[in-house]
Amino acid sequence: MSENNTEQDNNSTAVNSGQIPSDEPVIYGRADHNVSRDNIDDSALKVLYRLHKAGYQAFLVGGAVRDLILGGHPKDYDVATDATPEQVKDLFKNCRLIGRRFRLAHIHFGREIVEVATFRGHHEQAENESEGSTRDGMIVRDNVFGTLAEDAWRRDFSVNALYYNIADFTVVDYTGGMADLKAKCLRMIGDADVRCQEDPVRMLRAIRFAAKLGFKPDQDMRQAIENQGHRIEAVPPARLFDEVLKLFMSGHAHSTFELLNEYDLLVQLFPATAKHLSEHAHMHNFIAQACKNTDQRIADGKPVTPAFLFAFMLWGPTFTRAMEFESNNMSPIQALQEAGRAVLNQESGQISIPKRFRLPIREIWTSQARLNNRRGRRPYALLGQPRFRAAYDFLLLRCQSYQPDLQPLCDWWTEFQVADDKQKKAMCQALHQARQGQQPRRPKKKKTRHKPAQPSSDT
Ligand code: ATP
Ligand code: MG
């Protein structure tokens, strides 16, 4: 069935009539927007249609509608409905209910998940308000179901509150999102200050969308970030870990980093890094370059790992701390080990970095000293390690961004990796000879005949 056969131009019709308390949305008929089913994933369409056929309302919402209108490809699909999570579960065998803060239905299609959320109501309606928010206004549970209109006003930015209705292919706009999309403006729905107080992660989301879409937060949002930025420290560290991955591993790490600096939010996520940057301006270049490389890898379809991300974000404070330890007679490797442990422990107050990433992060750091130590069989052993490539890339990054004196070491490793056995051996021998040449000649020892040691009196 072609879209055109079934589409109606509902320009002046209010959806959900009878359920919306007071607000009248602007409804864009099919001819007035460019969301086409051809560009919507089959799984998302399946979910929308099944809900619709079962008599429920079903809308595509959030980033998917926003990105489709902007002509992009949605990263994931969010669906909003008046069906309760249990009713959704009854409709789909491949459904799992998740979440405590928001109860959501996840419909699984292989590795893909379509997220279905029941319309959310105003949290003020919660039977026991104190259960829904903390004393400083932060919402901890938000499970009151509501109407489409209420759901729209509970969303974060107007550009994220556009609803594509599968019933008639219209786009429903309660909050002026369409105009803001055109103006490239990030406007928080409602009072920006209060909404950032309720959920400080919204400030990080503003940065993420500003970086991804090239949109600008409006004056109220900018002011809210200035007023409420400090509240990010109250966000649970596990949630911040997820947000940091979204911020830095979605292909826009570089602009994200610059915006976090501009809005003075880096200190909320990486306090030790922010402090280090304020004292060592050249490290800005290092992180910026690392972010650019990450973006390039993502653009090329190459994998990126959180371990590398945290390794470069926290390298400055780790290296400085390691230098202190080294001056107290620790070996370079041990110093990096101890400094790494200390910096990661400190950072865990902000962001909880899962254990499975901590070891590789520390390995990237300690291998910076190992790459420098090329005696005997060591280069062979290092090359054989699974994280050699990350360590080598990290070394190149340091050289490229602020330590040009590392160039000969980088060149050596670049050559060593591709050399055949004979060449490798020759390279190691050349190093050995160069080292010997550098060592001051020791005076030849006189050959003396050792007398057999006298047994000591107490043995
Ligand atoms: P992305 O392209 O990254 O998926 P998105 O806007 O879809 O962007 P999601 O995290 O998938 O972001 O959230 C889906 C939608 O849920 C958002 O568009 C927004 O309407 C709503 N939402 C998400 N997080 C919040 C929040 N903290 N406060 C209010 N609304 C939120
Ligand atoms: Mg989304």
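## Helices H18 and H19

Helix H18 (residues 332-347) packs against helix H19 (residues 355-370) at an angle of about 150 degrees, their axes lying 9 Å apart. Since an angle over 145 degrees counts as roughly antiparallel, H18 is therefore roughly antiparallel to H19. The crossing of H18 past H19 is right-handed. All of this is read from a predicted model, so please keep that in mind as you look around.

If you would like to find the contact on screen, pick out Pro332, Ile333, Leu336, Gln337, Gly340, Arg341, Leu344 and Asn345 on H18, and Arg358, Ile361, Arg362, Trp365, Thr366, Ala369 and Arg370 on H19. By type, the residues of this contact are seven nonpolar, four polar and four charged.

## H19 also meets H16

H19 has a contact with helix H16 (residues 306-313) too: the two axes come within 9 Å and cross at roughly 50 degrees. That makes H16 and H19 oblique to each other, and their crossing is right-handed.

Here Pro306, Ala307, Phe308, Phe310 and Ala311 of H16 meet Phe357, Pro360, Ile361, Ile364 and Trp365 of H19. What kinds of residue make up this contact? There are ten nonpolar residues, with no polar and no charged ones. Two names may look familiar: Ile361 and Trp365 of H19 are listed in the contact with H16 and also in the contact with H18.

## Helices H9 and H10

Moving to another pair, helix H9 (residues 201-213) and helix H10 (residues 219-228) have axes 10 Å apart and pack at an angle of about 135 degrees. This angle makes H9 oblique to H10. The two helices cross in a left-handed sense.

On the H9 side the contact uses Arg202, Met203 and Ala206, and on the H10 side Met221, Ala224, Ile225 and Gln228. Five of these residues are nonpolar, one is polar and one is charged.

## Threonine 294

Is threonine 294 buried or exposed? Its relative accessibility is 10%, and because buried means under 20%, threonine 294 counts as buried. This residue belongs to helix H15 (residues 283-299). Leaving aside residues up to four places away in sequence, threonine 294 touches Phe248, Val304 and Phe312.

## The magnesium site

Which protein residues act as donors to the magnesium ion (ligand 2)? They are Asp76 and Asp78, each through OD, at 2.2 to 2.6 Å from the ion. Aspartate 76 has a relative accessibility of 33%, so aspartate 76 counts as partly exposed.

## Two positive phi angles

Most residues other than glycine have a negative phi. Lysine 184 has a positive phi, near 55 degrees. Lysine 184 sits in the loop between H7 and strand E9 (185-186), and its relative accessibility of 46% makes it partly exposed.

Aspartate 264 is not a glycine either, and its phi is positive at about 60 degrees. You will find aspartate 264 in the loop between helix H12 (253-262) and helix H13 (266-269). With 58% relative accessibility, aspartate 264 counts as exposed.

## Lysine 182

Lysine 182 is part of helix H7 (residues 177-183). At 70% relative accessibility, lysine 182 counts as exposed. How far is lysine 182 from phenylalanine 215 in sequence and in space? The two residues are 33 residues apart in sequence, and their C-alpha atoms are 10.0 Å apart.

Notes: Residues numbered from 1 in each chain as written. Chains lettered and ligands numbered in written order. Predicted model: local features only at pLDDT ≥ 70, side-chain atom pairs only at ≥ 80, totals over all residues. Heavy atoms only, no water. Donors = N, O, S within 2.8 Å, 3.2 Å for Na, K, Ca; no water. Buried < 20%, exposed > 50% of the residue type's maximum accessible area, 1.4 Å probe, protein only. Axes fitted to C-alpha atoms, helices over the stretch in contact; angles between N-to-C directions. Helix = DSSP H or I, 4+ residues; strand = E, 2+ residues; numbered from the N terminus. Parallel < 35°, antiparallel > 145°, perpendicular 65-115°, else oblique. Left-handed = near helix turned anticlockwise from the far one by under 90°. Contact = heavy atoms within 4.5 Å. Nonpolar A, V, L, I, M, F, W, Y, C, P; charged D, E, K, R; others polar.
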